[in-house]
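Student: Please take a close look at the ligand site, and then set it in the context of the rest of the chain. I should like one connected account, with the cut-offs stated.

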Amino acid sequence: MRNAIIRSTGAYVPETSIPNSEMDKRFGEGTGAKVVEKTGIRARRHMRADQTTSDLVVEAAREALTRAKLTAADLDLILVATDTPDQPSPATASVVQHKLGASKAGTFDLNSACAGFVAGLDVAAKFIQADSTYQHILVVGAYGMSRFLDWTDKTTATLFADGAGAAIISAVEGPTRLGYLGGVLGADGSFHDALGIYSGGASKPAGGDVHQYVKFVRRFPPTFNVERWPMLLKSAADKAGEKLDDVDLFIFTQLNLRIIEAVMQVMKYPMTKTHYTMEEWGYLGSGAIPSTLHDAVLKGRVKKGDLVALCASGGGISMGASLFRWTAD
Ligand SMILES: CC(C)(COP(=O)(O)OP(=O)(O)OC[C@H]1O[C@@H](n2cnc3c(N)ncnc32)[C@H](O)[C@@H]1OP(=O)(O)O)[C@@H](O)C(=O)NCCC(=O)NCCS
């Protein structure tokens, strides 16, 4: 049986950390405390002026390649999941191919907003299962949202940050199912106009006084994730032929710790079965799940043989969940 495994992970978050005390200075005393109360976020990372999204990707990818004992020349495909690309076209994945020197790799970007990395893993696993010429695929979720912040808007500037997480998806033959076990994608497109960057595309080209800012145009329904994530995970587990009770570690979209706490409570699992990073890194969008997964790996939270579930939602409203049997040491 040809399986698609996560052979290694890597992550990069920029060095510059902006604490909540800075939010108090910009938006008034008590803002930082409100952000902690609402989301758990205490600081956020921002990239340097000389960096762009592809640079974050390259740093995360290099770590994943080193941990996989592979070189860029081994990659057959590079898939970058981002809604903050270096530019609208061409794909950031092509910039990354050049910066990494991965001359054999095909490239494309995938935009499913904050669910992009989970969607990207699904695509990569299916490439590997369907086509024996693909051996190693780099999937990276990356967020350079600091470039799209309106510094007069406390509802976005307090949350969104920069960072990337990478995974090398490799093909292995084996008698049993390993690695990727199954995944589901979904969306509620009626909320496509709720959260996003609504300029710089064909509907509202950038230029003149049109700024490219990320905006909450209207609120996501407050109970959306608490209702949808357990259902999404159940669908992924059913497809994978596994039980959610057997999952060792859940990794969720990292916008809001309070939502993760509520979801774990609804599913009746302890918080020790999840891992989170938004407190110190802020919200990393499609980079959040892979960088949090990598942090869990570094901290020994994932062991060989563990069942790992990923669950994401984001602008669109796009959604995705998948289950993996962990194979890396
Ligand atoms: C963004 C989110 C944290 C806001 O929380 P909320 O409870 O909906 O907040 P509200 O809009 O009802 O505002 C309540 C109060 O908190 C304040 N507040 C909300 N977000 C804030 C922020 N980011 N910074 C500072 N204050 C904030 C509001 O100003 C308001 O203050 P007031 O009572 O003094 O007027 C929450 O809606 C959320 O987590 N949404 C999920 C979105 C999601 O999952 N997206 C997927 C990934 S992109």
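Tutor: The ligand is surrounded by 21 residues, of which the closest are Lys38, Thr158, Arg219, Asn225 and Asn256; a residue is counted here if one of its heavy atoms lies within 4 Å of the molecule. The model is a predicted one, in which local features need a pLDDT of at least 70, side-chain atom pairs count only at pLDDT 80 or more, and totals for chains, interfaces and linings use all residues. Residues are numbered from 1 along each chain as its sequence is written, and side-chain values use heavy atoms, with hydrogens and water left out.

Two asparagines reach the ligand through their side chains. Asn225 places a polar side-chain atom 2.8 Å from an oxygen atom of the ligand, and a side-chain N or O atom of Asn256 also lies 2.8 Å from a ligand oxygen atom. Lys154 takes part through its backbone, with an N or O atom 3.5 Å from a nitrogen atom of the ligand. Alone, the ligand would expose 930 Å², and the protein buries 72% of that area; accessible areas come from the Shrake-Rupley method with a 1.4 Å probe, and for residues only the protein chains shown count as cover.

The wider setting is the division of the chain into domain 1 (2-173) and domain 2 (179-189 + 221-325), with bounds taken from an automatic or database domain assignment. Their centres, taken over C-alpha atoms, are 17 Å apart. At the interface, 45 residues of domain 1 are in contact with 37 residues of domain 2, contact meaning heavy atoms within 4.5 Å.

The largest nonpolar core has 48 residues, and those touching the most other members are Phe160, Leu233, Phe250, Phe252, Met267 and Leu323. Such a core is a set of buried Ala, Val, Leu, Ile, Met, Phe, Trp, Tyr and Cys residues joined through side-chain atoms within 4.5 Å. Buried means under 20% relative accessible area, exposed over 50%, and partly exposed in between (1.4 Å probe, protein chains only). Among the elements that each supply at least two residues of this core are strand E8 (179-187), helix H7 (224-240), strand E11 (249-252) and helix H8 (257-267); helices (H or I, at least four residues) and strands (E, at least two) are DSSP runs numbered from the N terminus. H7 gives the largest share, seven residues. Both domain 1 and domain 2 contribute at least three residues each. Apart from residues up to four places away in sequence, Met267 touches Pro230, Leu233, Phe250 and Phe252. A second, separate core has 30 residues, including Ala171, Ile251, Val297 and Leu310.

Three individual positions merit inspection. Gly165 belongs to strand E7 (residues 162-173) and is buried, because its relative accessible area is 0%. Beyond four places in sequence, its contacts include Gly10, Ala11, Phe117, Gly141, Gly287 and Ser291. Thr53 lies in helix H3 (residues 53-68), and its relative accessible area of 2% is why it counts as buried. With neighbours within four places set aside, Thr53 contacts Met47, Thr82, Thr84, Pro85, Asp86, Ala142 and Gly144. Asp188 sits in the loop between E8 and strand E9 (195-197) and is buried at 18% relative accessibility. The side chains of Asp188 and Ser190 make a polar contact of 2.6 Å. That term means a pair of N or O atoms within 3.5 Å; within protein, one must be able to donate a hydrogen and the other to accept it, and residues adjacent in sequence count only if both atoms are side-chain atoms. Outside four places in sequence, Asp188 is in contact with Phe224, Arg228, Gly316, Ile317 and Met319.

Some backbone details complete the account. The peptide bond from Gly316 to Ile317 is cis, with omega near -20°, and Ile317 lies in the loop between E12 and E13. The bond from Ser89 to Pro90 is also cis, with omega near 0°; Pro90 falls in the loop between strand E4 (77-81) and helix H4 (92-100). Two residues that are not glycine have a positive phi: Lys69, at about 55°, and Ala113, at about 45°. Lys69, in the loop between H3 and E4, is exposed at 74% relative accessibility, whereas Ala113, in the loop between strand E5 (106-110) and helix H5 (116-130), is buried at 9%.
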